[in-house]
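This report introduces a protein structure to a reader who has not met it before. Please keep the sequence and the three-dimensional view at hand while reading.

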Amino acid sequence: MKKLICLIMALLMIFMITGCRESETTKDGKLSVVAVSFPEYDFARAVAGDLANIKMLIPPAGEVHGYEPTVSDIKAVSNCDLLIYTGGESDTWVEKLLESSNGKNVKTLAMADCVETVEIHSHSLDKYTFDEHVWTSPKNAISIVNAIKNALSEIDTKNKEAFEENSKTYCEKLTELDENIRTITENTDKNTLVFGDRFPLTYFAESYNLNYLAAFSGCSEDTEASASTIASLIDFVKENKIPVIFINELSNTAIADQIAKETGAEVKTFYSCHKVSKDDFEKGKTYIDIMSRNIENLNIALK
Ligand SMILES: [Zn+2]
């Protein structure tokens, strides 16, 4: 963190000396939006379409937890028309940047401010904080999309109607996604998901009345699960004939593999969308495309 503060201070000096604050909007007349990670990038893209240049700061498949901004990230943030970020544990650096004079004029939107947050215990911060993975419930995604629409409409009033139209279309698809998931969760007696991994789906689970067991809480930096945790997961899977052990996208499968080997369950990926793969990003896959992949596996897991 010290390194980061030094970097911000050094950049502040450079900006103050050279006065190089240029507006990105002047280049092609389009709004410039900076999104820190994939969910907010996808929602902004859905609302703005071609009417904005949208930059995702964390590269595809990049580590979202513990990310440190680069010099060009800080420049992009200080020059943008709208910055969208999580507002949680993984991007506390944003708040620090905004407190500095370099970030003071930037219009911002934190996804966590768009929804009701849920408290969890953070091991890395050693205190209670809220779970930042607010977008994992499609209902919350709708609230976030609407907040982005309002923010963009305030900055770029002449395109208000287009933003309105685009967000309406996207929210209809989100509603359909929500209904498709609900069809599965409301038509089964089973309601427990087992993760041989971290669990970033607090909001998803709450939205569909699901319980969960996971090797780690939250989505933070723990890497070794205790032997007793793994043993109790194995017992639970055996006793309840759980057919699927989930892992997160782009994650380590070791624990899930171990549980699967002991129990005969299958290992499947659950996409939280916190990270996006390079391939999905290049193909322009959306939050809805990626979240829809969970439906089939959810169906198998809750059968
Ligand atoms: Zn995460």
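## The nonpolar core

In the largest nonpolar core, which has 79 residues, Val-33, Ala-44, Val-47 and Ile-148 touch the most other members. A nonpolar core here is a set of buried Ala, Val, Leu, Ile, Met, Phe, Trp, Tyr and Cys residues joined through C-beta atoms within 7 Å. Helix α6 (residues 138-155) contributes the most to this core, with eight residues. Domain 1 (2-11 + 28-178) and domain 2 (189-301) both supply residues to this core, so the core lies between them. The domain bounds come from an automatic or database domain assignment. In soluble globular proteins, nonpolar side chains tend to be buried together.

A residue is called buried if 20 or more other C-beta atoms lie within 10 Å of its own, exposed if 12 or fewer do, and partly exposed in between, with C-beta atoms placed from the backbone. Two residues are in contact if their C-beta atoms, placed from the backbone, lie within 7 Å. Apart from its neighbours within four places in sequence, Ala-44 is in contact with Val-33, Ala-35, Ile-54, Ile-84 and Ile-148.

## The model and its overall make-up

The model is predicted: local features need pLDDT of at least 70, side-chain atom pairs count only at pLDDT 80 or more, and totals for chains, interfaces and linings use all residues. Residues are numbered from 1 along each chain as its sequence is written. pLDDT is the predictor's confidence in each residue, from 0 to 100. The protein averages a pLDDT of 89, and 88% of the residues score at least 70. Over residues 16-24 pLDDT stays under 50, and for this stretch the model has ten contacts beyond four places in sequence. Where pLDDT is low, the predicted coordinates should not be read in detail.

The protein contains twelve helices and ten strands. Helices (H or I, at least four residues) and strands (E, at least two) are DSSP runs, numbered from the N terminus. Of the 303 residues, 39% are buried. Among contacts between residues at least 6 apart in sequence, 65% join residues at least 24 apart.

## Helices with a buried side

Helix α9 (residues 227-239) has 13 residues and reaches 18 Å from its first C-alpha to its last, close to the 18 Å expected at 1.5 Å a residue. The expected span is 1.5 Å times one less than the number of residues in the helix. The buried residues of α9 are Leu-233, Ile-234 and Val-237. They cover an arc of only 100° around the axis, which puts them on the same side of α9. The arc is that of the directions from the helix axis to the C-beta atoms. On the other side of α9, Ser-228, Ala-231, Ser-232, Asp-235 and Glu-239 are exposed. The cover over the buried residues of α9 includes β7 (192-195), β8 (211-214), β9 (244-248) and α10 (254-263).

In α10, the residues Ile-255, Ala-256, Ile-259 and Thr-263 are buried. Their arc around the axis is only 100°, which puts them on the same side of α10. The elements that cover them include α9, β9 and β10.

Helix α5 (residues 92-99) has Trp-93, Val-94 and Leu-97 buried. Seen down the axis of α5, these buried residues fall within an arc of 105°, so they line one face of the helix. An α-helix has 3.6 residues a turn, so residues three or four places apart point the same way.

## Positive phi values

Several residues with positive phi are set out below.

| Residue | Place | Phi |
|---|---|---|
| Lys-241 | follows α9 | near 50° |
| Gly-264 | just after α10 | about 85° |
| Leu-250 | loop between β9 and α10 | near 50° |
| Cys-273 | loop between β10 (266-270) and α11 (278-282) | about 75° |

Leu-250 is partly exposed, with 17 other C-beta atoms within 10 Å. Cys-273, by contrast, counts as buried, with 24 C-beta neighbours inside 10 Å.

## The segment after α12

Lys-303 is placed in the segment after α12 (287-301). With 11 other C-beta atoms within 10 Å, Lys-303 is exposed. Leaving aside its neighbours within four places in sequence, Lys-303 is in contact with Thr-188 and Pro-243. Lys-303 and Ile-184 are 119 residues apart in sequence, while their C-alpha atoms are 8.9 Å apart in space.
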